[in-house]
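The following exercises concern one protein model. Please work through each task with the sequence and the coordinates at hand before reading its solution.

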Amino acid sequence: MNKTIFEITKMDCPSEENLIRMKLDGISEIKNLDFDIPKRKLTVFHSGKIDQIEKSIIELNLGGKKISTEQTEQTDFKETTSQRKLLWTVLGINFVFFIIEMTTGLISKSMGLVADSLDMLADSFVYGISLFAVGGTLIRKKRIAKIAGYFQITLAVIGFVEVLRRFFGTEKLPDFSTMIIVSVLALIANGICLYILEKSKSKEEVHMKASMIFTSNDVIINLGVIIAGLLVNWLNSSKPDLIIGTIVFVLVIQGAFRILKLSK
C-alpha cells in the first residue's frame, strides 16, 4: 500500500471535495481518500503507480500538486456510514436557500441575491450528483453531471443578460435591507453546512473549523452581497449590486465548467 499526499490550493469548501471524489471514482488502485480541507491537503491510499490519479487531479484545475509518496502499512479504513445523511442535510440546506435567495432576489430586484442563489444551486448540484450516482454506473454519473453543468451555465447566462439590461436601463434600486438580511441568513446556513460536514471528520480537526468557514468561497460571496447592499444604500445606486452579481455569475460558470469536466 502506498500513501500519496497532494496539495489542492483551490480546495476551500466541501464542494471541491465532492468534485475530487467524483473525478477519482472508478480508479481501482485507490483504496481510500482522506481530505483535510483547512490545510488544503488530500491523502490518497493506493496500490500501484500514482500516474492516473495525479493526472485526474490536475485535470480538475484546482491547483493540485503532488507533495510526497511513501509506503504505508495501513490497510484498515473506517467506513463513513453517516455520509449519505450528511450529504442529504447539506443538499437540503443549500437548495432551500437557493429558493429563498432566488425569490427574495427577484422581489427586491437584487442581482446579487439572484447570483448567490445560483451559487447555492451549484453546491446542491455537486452534492446531488454525489448522492444520486452512488451505486450507479460511471455513465449515469457523467450524464447527470452534463445536465447539471449545462443547466447551471444557462441560468448564469440569463443572469448576465439581465445585469446588462439593468445596467443600461432605468431599473428601480434594489432593496438593500433585504439584500443584507437574506445574505446574513445565507452566511449562517453556509457556516452550518461546513460545520456539519467537518463534524464527520476526526476529532483532532475540530479546532480548524473556524479557519475552514472563513476561507470558504461561499462565505466570501455572502459578505460581498452584504457589502453591496450597504453601498447601494450609501451611494443610492444599483451599480454595486450589479457588480457583485456579475462577479458571482462568473464564479458560477467556473463551477459549471468543473462539473462538465466530470462528464468527459
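**Exercise 1: Backbone at two loop residues**

Arg40 counts as partly exposed because its relative accessibility is 22%, where buried means under 20% relative accessible area, exposed over 50%, and partly exposed in between (1.4 Å probe, protein chains only). This is a predicted model, in which local features need pLDDT of at least 70 and side-chain atom pairs count only at pLDDT 80 or more, while totals for chains, interfaces and linings use all residues. Residues are numbered from 1 along each chain as its sequence is written, and side-chain values use heavy atoms, with hydrogens and water left out.

Task: State where Arg40 and Asn61 are located and describe the phi of each.

Solution.
1. Arg40 is found in the loop between E2 and E3; helices (H or I, at least four residues) and strands (E, at least two) are DSSP runs, numbered from the N terminus.
2. Although Arg40 is not a glycine, its phi is positive, at about 55°.
3. Asn61 lies in the loop between H2 and E4, and its phi, near 55°, is again a positive value in a residue other than glycine.
4. Most residues other than glycine have a negative phi.
5. With 46% relative accessibility, Asn61 counts as partly exposed.

**Exercise 2: The sheet**

Task: Determine the strand order of the open sheet and explain why E2 and E4 stand at the edges.

Solution.
1. The order of the 4 strands is E2-E3-E1-E4, with antiparallel pairing; two strands pair if DSSP finds at least two bridges between them.
2. Strand E2 (30-36) and strand E4 (64-71) each have a single partner strand, so one side of each lacks a neighbour in the sheet.
3. E2 is joined to strand E3 (residues 41-46) by 6 bridges, and Asp36 stands opposite Lys41 in E3.
4. Helix H2 (residues 51-59) packs on the sheet and touches E1, E2, E3 and E4; contact means heavy atoms within 4.5 Å.

**Exercise 3: Confidence**

Task: Identify where confidence is lowest and where it is highest.

Solution.
1. The protein averages a pLDDT of 79, and 81% of the residues score at least 70; pLDDT is the predictor's confidence in each residue, from 0 to 100.
2. The lowest confidence is in helix H7 (residues 209-214), with a mean of 38, and the highest is in strand E1 (residues 2-8), at 91.
3. Over residues 202-215 the pLDDT is below 50, and this stretch has 20 contacts in the model beyond near neighbours in sequence.
4. Where pLDDT is low, the predicted coordinates should not be read in detail.

Methods
Axes are lines fitted to C-alpha atoms, for helices over the stretch in contact, and angles run from 0 to 180 degrees between N-to-C directions.
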